[in-house]
Amino acid sequence: MDFFHKSVMLNECIDMLDIKPDGIYIDGTVGGAGHSLQIAKLLGEKGRLISFDRDPDAIAAATERLKGYNATVVKSNFSQMRQVLDELGIEKADGVLLDLGVSSHQLDKGERGFSYHSDAPLDMRMSQEGLSAADIVNTYSKEELAKILFEYGEEKFAWRIADKILEAREQKAIETTGELSEIIKASVPAKVRREKNPCKKSFQAIRIAVNGELDHLSLGLDAAFESIRPGGRIAVITFHSLEDRIVKQRFASWCKGCICNPDFPQCICGRLPQAKLVNRKPIEAGREELDENNRSRSAKLRVLERM
């Protein structure tokens, strides 16, 4: 399986997870197995790696690349982590890694329909099954489309783009990424088109909606926290502000202790912090990586340790 993906902040992730040879580790988004392979190489005979992905291409590639290691590759979304671990008889793990980026394979393989740089069927499904981008673009109401574009893409021209989509689909169904790109470009001012490609935010928003990414992230974070033992770590790489905000707020909630009214003379809730931040500020890619991999420029790595 030809599945290429350059792992972001590979060394930083491995360092932050503090791999123990006899530990149990979970890669919630195996992709091309870049992170997983490095984790597996550090494990001893008693160590174990469980790698998740919902993309059949990723599963095939990772299964091949992790042959010979103490690794199990599972076709499932990481939001189902707890159920899968129960089935495998695993109670707790020593570390969980979530790399939330879209893989290079998904972006560069035109027929997957993720990219606005090539003309392909409008798909964007990571699992290659279920609701597609074409289904959303051709059946959702103007209000639903505008909400997706504004909330998931932070697109200020959301209503104009949604209006143009409805106009276009009255003539014919919108079937390709190229057709959608042209509609988006026609919906924004010429100045915006000259400054940058205006399709990025809308394509991101539709992809998030197709794959339910933010819902799965919220569920997956809870499952990860439930699955790690004291001293275990969760490392999450985000690529846009919506993801990063969810991770930051969830981490902060687990690190928070007393929730009593500050006017109370003493604590009566008895709540103690459940975790601590390993890095107060997110780790970002270094200059060398930025020069080699342009897709790392928006990446942020946050790491939490359970107490």
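Helices α8 and α9 cross in a right-handed way in this predicted model. Helix α8 covers residues 158-171 and helix α9 covers residues 177-187; their axes come within 9 Å and cross at roughly 130°. That angle is not over 145 degrees, the cut-off for roughly antiparallel, and α8 and α9 are therefore oblique to each other. Who does the touching? On the α8 side the contact is made by R160, I161, K164, I165 and A168, and on the α9 side by L180, I183, I184, A186 and S187.

Now for a second pair of helices, α12 and α13. This crossing is right-handed too. Here the angle is about 25° and the axes are 11 Å apart. Since angles under 35 degrees count as roughly parallel, α12 is roughly parallel to α13. From α12, the residues making the contact are E213, L214, L217, S218, L221, D222 and F225. Their partners from α13 are L242, E243, I246, V247, R250, F251 and W254.

Let's stay with α13 for a moment, because L242 is found in that helix. L242 is buried, as its relative accessible area is 10% and the cut-off for buried is under 20%. Setting aside residues up to four places away in sequence, L242 touches E151, Y152, E154 and L214. One of these partners, E151, sits 91 residues from L242 in sequence, yet the two C-alpha atoms are 8.8 Å apart in space.

Another partner on that list, E154, has its own quirk. E154 isn't a glycine, but its phi is positive, near 50°. You'll find E154 in the loop between α7 (142-153) and α8, where it is partly exposed with a relative accessible area of 38%. M9 does something similar with its backbone: its phi is positive, about 50°, and M9 is not a glycine either. M9 belongs to the segment before α1 (10-17). With a relative accessibility of 0%, M9 counts as buried.

Next up, the nonpolar cores. In soluble globular proteins, nonpolar side chains tend to be buried together. Which residues have the most contacts inside the largest nonpolar core? They are I26, M81, L221, I234, V236 and F251, in a core of 31 residues. Several elements each supply at least two of its residues: the strands β1 (24-27), β2 (48-53), β4 (93-99) and β5 (228-238), plus the helices α4 (81-88), α12 (213-227) and α13 (241-255). Helix α12 gives the most, with six residues. A separate core of 29 residues lies apart from this one, and I136, I161, F203 and A205 are among its members.

F251 is a good residue to click on if you want to look around the largest core, as F251 is one of those with the most contacts inside it. Beyond its neighbours within four places in sequence, F251 is in contact with L221, I234, V236, L277, R302, V303 and L304.

Two more residues are worth a look, S51 and L88. S51 lies in strand β2 and is buried, with a relative accessible area of 0%. Not counting neighbours within four places in sequence, S51 is in contact with D27, V30, S36, L66, T72, V73 and V74. L88 lies in helix α4 and is partly exposed, at 30% relative accessible area. With the same kind of neighbours left out, L88 is in contact with R48 and I50. L88 and I208 are 120 residues apart in sequence, and their C-alpha atoms are 30 Å apart.

Here are some of the accessibility values together:

| Residue | Relative accessible area | Class |
|---|---|---|
| M9 | 0% | buried |
| S51 | 0% | buried |
| L242 | 10% | buried |
| C255 | 21% | partly exposed |
| L88 | 30% | partly exposed |
| C258 | 37% | partly exposed |
| E154 | 38% | partly exposed |

Finally, the cysteines. How many disulfides does a search of the whole structure find? Zero. Why is C255 not bonded to C258? The sulfur of C258 is the closest cysteine sulfur to that of C255, but the two are 15 Å apart, which is too far for a bond. C258 is in no disulfide either: its nearest cysteine sulfur, in C267, is 3.6 Å away, and a disulfide needs the two sulfur atoms to be within 2.5 Å.

Notes: Residues numbered from 1 in each chain as written. Predicted model: local features only at pLDDT ≥ 70, side-chain atom pairs only at ≥ 80, totals over all residues. Heavy atoms only, no water. Core = buried A, V, L, I, M, F, W, Y, C linked by side-chain atoms within 4.5 Å. Buried < 20%, exposed > 50% of the residue type's maximum accessible area, 1.4 Å probe, protein only. Helix = DSSP H or I, 4+ residues; strand = E, 2+ residues; numbered from the N terminus. Contact = heavy atoms within 4.5 Å. Axes fitted to C-alpha atoms, helices over the stretch in contact; angles between N-to-C directions. Parallel < 35°, antiparallel > 145°, perpendicular 65-115°, else oblique. Left-handed = near helix turned anticlockwise from the far one by under 90°.
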